Amino acid sequence: MPAPRHCPALIDVEQQEVVKSAECFGCMTCVSRCPAPGALDMTVKLGRSVQPLRPVHYVLLLAGLFYLVIGIGVLTDNWHSKIPYETYQRLVPKVSQFTHP
């Protein structure tokens, strides 16, 4: 059996109808290189209809979820860093604009 050609995680996406693998990290390389239109689209099920998810929307969804989790952690005072505040302020000079004295 030949190695998968278009997957950095070496998942054989060319032989699967639906990819549900823990090794898949959603890079969408398989989607960008697939010659069959719509064959490897990421989809979202909305009620009874299934809609394709554009790569840019996928990236925005992941980034939004990432910052939402961090925001909830900060707002509920559950987000703690082991980096001293002085080091953080040196690395990110404008941090003092967004923090309370």
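I take helices and strands as DSSP runs, numbered from the N terminus, with at least four residues for a helix and at least two for a strand. I note too that the model is a predicted one.

**Overall layout**

I read along the sequence and wrote down the pattern α-β-β-α-α. That gives three helices and two strands in the chain.

I then looked up how much of the chain is covered. Of its 101 residues, 14% count as buried. The accessible surface of the chain comes to about 9000 Å², and I noted that carbon and sulfur atoms hold 62% of that area.

I also checked the contacts in the chain with a separation of 6 or more. Residues 24 or more positions apart account for 14% of them.

**The strands**

I went to the two strands next. S1 covers residues 42-46 and S2 covers residues 49-53; they pair in the antiparallel sense over five bridges. Which residue in S2 stands opposite lysine 45? I found valine 50 in that place.

The hairpin of S1 and S2 has two residues between the strands. I looked at the backbone there and found that glycine 47 takes a positive phi, near 70 degrees. I keep one general remark beside this entry: in a regular strand, side chains alternate between the two faces of the sheet.

**Helix H1**

I turned back to helix H1, which spans residues 29-33 and includes threonine 29. Is threonine 29 buried or exposed? Its relative accessibility is 17%, and buried means under 20%, so I list threonine 29 as buried. I then looked for what touches it. With neighbours within four places in sequence left aside, threonine 29 is in contact with His6 and Pro8.

Valine 31 lies in helix H1 as well. Its relative accessible area is 21%, so I list valine 31 as partly exposed, the cut-off for buried being under 20%. I also looked up its distance to aspartate 41. Valine 31 and aspartate 41 are 10 residues apart in sequence, and their C-alpha atoms are 6.4 Å apart in space.

**Aromatic rings**

How many aromatic pairs does a search of the whole structure find? I found one. The pair is formed by phenylalanine 66 and tyrosine 67, with 5.1 Å centre to centre and 80 degrees between the planes. I record it as edge-to-face, because planes over 60 degrees apart count as such.

I closed with the cover on tyrosine 67. Its relative accessible area is 58%, and exposed means over 50%, so tyrosine 67 goes down as exposed.

Methods:
Residues numbered from 1 in each chain as written. Heavy atoms only, no water. Buried < 20%, exposed > 50% of the residue type's maximum accessible area, 1.4 Å probe, protein only. Contact = heavy atoms within 4.5 Å. Areas by Shrake-Rupley, 256 points an atom, 1.4 Å probe, with all protein chains shown as cover. Pairing = 2+ DSSP bridges. Phe/Tyr/Trp six-rings, centres within 6.5 Å; stacked < 30°, edge-to-face > 60°.
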